[in-house]
Amino acid sequence: MPESTPTPRLSTKISAIAESATLKVDAKAKALQAQGRPVISYAAGEPDFPTPGHIVEAALVAARDPKAHRYTPAAGLPDLRAAIAEKTLRDSGLEVDPSRVIVTNGGKQSVYEAFQVLLNPGDEVIVPTPFWTTYPEAIALADGVAVDVFADASQNYQVTVEQLEAARTPRTKVLLFVSPSNPTGSVYSPEQTKAIGEWALEHGIWVITDEIYQNLTYDGVRATSIVEAVPELAEQTLLVNGVAKTYAMTGWRVGWTVGPADAIKALGNLQSHLSGNVNNIAQRAAIAALTGPQDAAEAMREAFDRRRKLIVGELNKIDGFETPTPQGAFYVYPDVTALLGRTFGGVTPKTSLELADLMLDQAEVAAVPGEAFGPSGYLRFSYALGDDQLLEGVQRLQRLFTS
Ligand code: PMP
């Protein structure tokens, strides 16, 4: 009798998923901090501020209201969907009926579900690279194929239409568009956005546009939504967004997707079986965030702006760091290829992964290596930490790399 192949104990598809590299670095830094080591971590992708008081108050009121102890419709509270529709018009220039909005358990769930409803096995997704570490896994989980298109620091990490066209095949189904970007903080100009949108429209390619950092822009720059630049694209675009970054609400888990009626219907069906509604109380807090005063969010943005200037200035003092000045999000993404192959404290890193280890071991500074977001040779620093720590950490690096 021929031996039969043993049945895998766990799902092969799920077993192939890598642990989130950004969370891994952050967890390592936190574990060292717990041992009493004075680690400064630039790894976290979340604001260090508390959620503004009036939003917390709205949640407290909701928690005492028995109506908020029940399920809501799977697609979200009608008032929240209406507030999101207004916000979409305000910031993305797209007029939508609230029925075209679905509330999700954070932008992460929006991203996961978007690929689930758009992709068939083997469909290709063009992923401008460096990319946020979750995208390739979400694509693989939907049986899609990620096609990376890399833009380096000399291009300000922004892909061109020519590069996209070179990557297009008959299987190209979706383009990811992320501006401001995680991990680079790069913001596409209105002209670039329009050119890319027109290319997608011409070739009938869906766009998933992740606008989660839309309100965190600097130097007077506004992130133009791809549907504002090319309104005809709205019927083939899913807009992903959420309250996490703008309102320091990462732990509350409220995001959303806006899109054409057929896709929103499919998303609603999927979500009704996957998770049902988002936490009712958190939805009411999100209504307060979107419809209430915006001064606390603006104050946080101003603090990020100040820290952005500080970290870019200090990192660029280090020979071997080439750090473009980002105009959005709260990350900087220096090119550190010039440091690879050089020896520091007896160690010669050959990759940014090894460089990040060296920084953690010898300077007690954590940053996420480029390998988490695409090619080696880069480091992501989040500047969502207090000014003193921010400065102390880069000064440690200045000492490490000039010794
Ligand atoms: N998109 C991008 C680009 C992100 O960086 C993040 C958070 N790291 C998300 C989506 C998801 O945000 P959340 O699930 O917290 O709403």
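User: What makes the radius of gyration of this chain agree with a compact globule?

Analyst: The radius is taken over C-alpha atoms, and the globule rule is 2.2 Å times the number of residues to the power 0.38. With 403 residues, that rule gives a value near 22 Å, and the chain has 22 Å, so the two agree. Along its principal axes, the C-alpha trace spans about 65 × 60 × 55 Å. Please keep in mind that this is a predicted model, where local features need pLDDT of at least 70, side-chain atom pairs count only at pLDDT 80 or more, and totals for chains, interfaces and linings use all residues. Residues are numbered from 1 along each chain as its sequence is written, and side-chain values use heavy atoms, with hydrogens and water left out.

User: How many helices and strands does the chain have?

Analyst: There are 14 helices and twelve strands. These are DSSP runs numbered from the N terminus: helices are H or I with at least four residues, strands are E with at least two.

User: Which residues are around the ligand?

Analyst: A residue belongs here if one of its heavy atoms lies within 4 Å of the ligand. Among those around the ligand are Gly106, Lys108, Trp132, Asn182, Tyr213 and Arg253. By class, the shell holds five nonpolar, three polar and four charged residues. Ala, Val, Leu, Ile, Met, Phe, Trp, Tyr, Cys and Pro count as nonpolar, Asp, Glu, Lys and Arg as charged, and the others, Gly among them, as polar.

User: Why does the pair between Asn182 and the ligand count as a polar contact?

Analyst: A polar contact is a pair of N or O atoms within 3.5 Å. A polar side-chain atom of Asn182 lies 2.7 Å from an oxygen atom of the ligand, so the pair counts. Tyr213 has such an atom 2.8 Å from a ligand oxygen, and for Arg253 the distance is 2.7 Å. Taken alone, the ligand exposes 400 Å², and the protein buries 92% of that (areas by the Shrake-Rupley method with a 1.4 Å probe).

User: Where is the peptide bond to Pro130 that is cis?

Analyst: The cis bond runs from Thr129 to Pro130, with omega near 5°. Pro130 is in the loop between strand 3 (124-129) and helix 6 (134-141). Another cis bond, from Ser179 to Pro180, has omega near 0°, and Pro180 lies in the loop between strand 5 (172-178) and helix 8 (190-202).

User: What is the phi of Asp219?

Analyst: Phi of Asp219 is near 60°, a positive value in a residue other than glycine. Asp219 sits in the loop between strand 6 (206-210) and helix 9 (226-229).

Note on methods: Polar contact = N/O pair within 3.5 Å; in protein donor to acceptor, adjacent residues only side chain to side chain.
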